[in-house]
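I opened this model to take notes on a few sites. Here is what I looked up, entry by entry.

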Amino acid sequence: MSTQSEIGDGALSEVAPRVWAWTQGDGSWWINNAGLVAGDDGDILIDTCATEVRTRRLLEQVNAVRPESPIRFAVNTHLHGDHTHGNSLLPSTTSIVGHSQMRAGLAEDTIIDACPPFWSPPPDWGNVTKRLPSVTYEDRLVLHSGSTEVHVVHPGYAAHTTGDSVAFVPTAGVLFTGDLLFHDVTPLVFMGSLDGALRCLDWMAEFDASVIVPGHGEVLERQELQTVLESHRNYYRLIQSAAESGIASGLSPLEAAKRTELGDFATLPDAERVVLNLHRAYAEISDWKFDLFAAFEDAVQYNQALLATSV
Ligand SMILES: [Zn+2]
C-alpha cells in the first residue's frame with residue numbers, strides 16, 4: 001500500500017500488462033495524470049508533468065520499472081502545462097508527438113515563462129523550458145515499438161482544447177484520455193468547446209478499452225465509465241443551460257456563474273471552473289468575445305481567493 005503522501009507525490013501503477021498509469025493527488029489545478037507503455041524497441045510516455053520536481057519523480061519511477069529501455073516517443077495529449085512543461089527533461093532522442101493544433105497552441109503559450117498571478121501558492125515550474133512536439137498529425141497516428149502499437153487519435157473537433165489527443169493501446173485495452181475526462185474533478189473546456197466536449201463523450205466510449213486513464217483523478221474500470229461520462233454530460237448541460245439563461249437575462253458569465261446551482265458538482269475540486277466554462281459557452285452561443293485573462297480574473301472573483309493549487 002502507498003501512503004497518502006506517496007500518492008500525493010505520484011504513483012506509477014501497472015494497469016494492464018506493460019502499461020502503467022501515473023496518478024497524482026486529487027487531480028486539482030496542475031496535478032495531472034500521465035502514463036507509460038512498454039515497447040520492445042523503446043517505450044512510449046503519455047504526457048509529462050507541470051513542474052521539474054514532479055516530472056523528475058515520474059521519470060524516476062519510469063526508470064525503476066523500465067531500467068534498460070529508452071523513452072522513444074512521448075505523446076502530449078494537449079498543450080496545457082500540467083501535461084507538457086516536463087517535455088524539456090526528456091532526452092533529446094525522444095520524439096515528442098502531438099496534434100498540429102496542440103503544437104501551435106503550445107508555441108504561443110507563455111505560462112511556462114511567466115505564470116499569471118491566478119494561483120496560490122504561485123506555481124514554481126523549476127528548471128524547465130518550452131519544448132514543442134517534433135512530430136505532429138491531423139487525424140490519427142500509430143506509434144510502433146516492436147509489436148506494441150499506440151494509436152494517437154484526435155476527436156476531429158475542439159473539445160477540452162482545439163488539439164486534443166487520446167492514446168489508445170489496443171492490445172492492452174487501455175485508453176489515455178488526457179483532459180477529455182476528469183474523474184471527480186471539475187471538467188474544464190474554456191480553451192476548447194462545450195459542444196465538442198459533450199460530443200466526444202460518446203466517441204471515447206467507442207474505444208474497446210477495459211481501463212481508462214483520465215487526465216486528472218483516479219483510473220477507471222470499464223464498468224465505471226458510463227457513470228463518469230454521464231456525470232460529464234450532466235455538468236456540460238448545466239453549463240449550457242446556465243449560459244443560455246444568462247445570455248437571455250443579459251448577465252455576464254460571472255453573474256451567471258453566481259446564480260448557477262452546482263449541486264453535487266459544488267464539492268468537486270476546482271468548482272470555480274464554472275466561470276471559465278461559462279466564458280467559453282457564452283462565446284460559443286453568443287457574440288461574447290472570449291478573453292482568457294478576463295475569464296481567470298472572474299474565476300478568482302467568484303472564488304473570492306486565488307485558485308488553490310498544491311503543485
Ligand atoms: Zn490537465
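**Metal site geometry.** I started with the angles at the zinc ion. The model is predicted, and I read the site with that in mind. The four donor atoms subtend angles of 87 to 158°, so the arrangement is irregular. I checked the tetrahedral cut-off: all angles would have to lie between 85 and 135 degrees. The upper value here, 158°, is outside that window, and therefore the tetrahedral label does not apply.

**Donors.** Next I listed the protein donors of the zinc ion. They are Asp82 (OD), His83 (NE2), Asp179 (OD) and His216 (NE2). I noted distances of 2.1 to 2.2 Å from the ion. Along the chain, the donors follow the spacing D-H-x95-D-x36-H. I then took up one pair, Asp179 and His216, which links distant parts of the chain. Asp179 sits in strand β12 (residues 174–182) and His216 in strand β13 (residues 211–216), 37 residues apart.

Are Asp179 and His216 buried or exposed? Asp179 has 4% relative accessibility, so I log it as buried. His216 has a relative accessible area of 1%, so I log that residue as buried too.

**Sheet.** I traced the strands next. β12 and β13 belong to an open sheet of six strands, in the order β9-β10-β11-β12-β13-β14. The pairing is mixed. I marked β9 (140–145) and β14 (220–221) as the edge strands, since each pairs on one side only. β9 pairs with strand β10 (residues 148–153) in the antiparallel sense, over six bridges. I picked out one bridge there: Leu143 has Val150 in β10 as its partner.

**Nonpolar cores.** I looked up the largest nonpolar core and found 77 residues. Leu181, Trp203, Met204 and Leu278 have the most contacts inside it. Both domain 1 (4–222) and domain 2 (236–308) supply at least three residues each to this core. Another core, of 21 residues, lies apart from it. Its members include Ile44, Val97, Ala167 and Val169.

Which residues does Leu278 touch, leaving aside neighbours within four places in sequence? I found Ile239, Ala242, Ala243, Pro253, Ala256, Ala257 and Thr260.

**Thr94.** My last entry is a loop residue. Thr94 is in the loop between α3 (81–84) and β6 (95–99). At 2% relative accessibility, Thr94 counts as buried. With neighbours within four places in sequence left aside, I list its contacts as Ile71, Arg72, Phe73, Ala74 and Arg131.

Note on methods: Residues numbered from 1 in each chain as written. Predicted model: local features only at pLDDT ≥ 70, side-chain atom pairs only at ≥ 80, totals over all residues. Heavy atoms only, no water. Donors = N, O, S within 2.8 Å, 3.2 Å for Na, K, Ca; no water. Tetrahedral: all angles 85-135°; square planar, octahedral: opposite > 155°, others 65-115°. Helix = DSSP H or I, 4+ residues; strand = E, 2+ residues; numbered from the N terminus. Buried < 20%, exposed > 50% of the residue type's maximum accessible area, 1.4 Å probe, protein only. Core = buried A, V, L, I, M, F, W, Y, C linked by side-chain atoms within 4.5 Å. Domains from an automatic or database assignment. Contact = heavy atoms within 4.5 Å. Pairing = 2+ DSSP bridges.
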